[in-house]
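These are my notebook entries on the charged side chains of one structure. I wished to look up which of them pair, and how far each is exposed.

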Amino acid sequence: QVQLVESGGGLVQAGGSLRLSCAASGRIARINRMGWYRQVLGKQRELVAIISSVGTTDYADSVKGRFTISRDNAENTVLLQMNSLRFEDTAVYYCHLDYDDYRLTGRWAWGRGTQVTVSS
C-alpha cells in the first residue's frame, strides 16, 4: 500500500504565493514520475505539473513561468512552488504518483487533495 501525504494548501490573495508538498511512502520499488493535478467542481481533473525521476518537467500552459515543480528523490517528496497566483488557480490540488511496486508492476496513486483558494 502507498500513502501520499499532501500539505501546503490554503487561502491567499491574488498575486501571492503558496508551496505544496507531497510525501510518498509505502511499498514503492521505484518512482517514475510525481506531479500535481487540479480539479474544479464540475470540471475534469487537469495536469498542473509533473517531474520525472531524472528531473524532466512538464507544465500546463496556464502555469508556465509562475509555478515550479521539484522533487527530493531521497525523501520521495515533490514540491510545487506557486507564485503570482490568480483567481483561476483556485481548485483542489491532487498529488500524483507513477511508480513500480515490488513486483515491478507499474501503478498510479493519488493523494486526497488539498484546497487552494485564491481571492481576487
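I first fixed my terms: buried means under 20% relative accessible area, exposed means over 50%, and partly exposed lies in between (1.4 Å probe, protein chains only). By this rule Arg38 counts as buried, at 6% relative accessibility.

I noted that this is a predicted model, in which local features need pLDDT of at least 70, side-chain atom pairs count only at pLDDT 80 or more, and totals for chains, interfaces and linings use all residues. Residues are numbered from 1 along each chain as its sequence is written, and side-chain values use heavy atoms, with hydrogens and water left out.

**Entry: salt bridges.** I took a salt bridge to be a side-chain nitrogen of Lys or Arg within 4 Å of a carboxyl oxygen of Asp or Glu. I searched the whole structure and found seven.

**Entry: Arg30 and Asp100.** I found these side chains joined by a salt bridge, at 2.3 Å from N to O. Arg30 is in strand S4 (residues 30–39) and Asp100 in strand S9 (residues 91–100), 70 residues apart. Strands (E, at least two residues) are DSSP runs, numbered from the N terminus. Arg30 is partly exposed at 48%, whereas Asp100 is buried at 7%.

**Entry: Arg33 and Asp98.** I recorded a salt bridge here, with the closest N and O atoms 3.7 Å apart. Arg33 lies in strand S4 and Asp98 in strand S9, so the pair ties together parts 65 residues apart in sequence.

**Entry: Arg38 and Glu46.** I read 2.7 Å, N to O, for this salt bridge. Glu46 is partly exposed, at 37%. Arg38 and Glu46 belong to a network of salt bridges with Arg66 and Asp89.

Conventions:
Helices (H or I, at least four residues) and strands (E, at least two) are DSSP runs, numbered from the N terminus.
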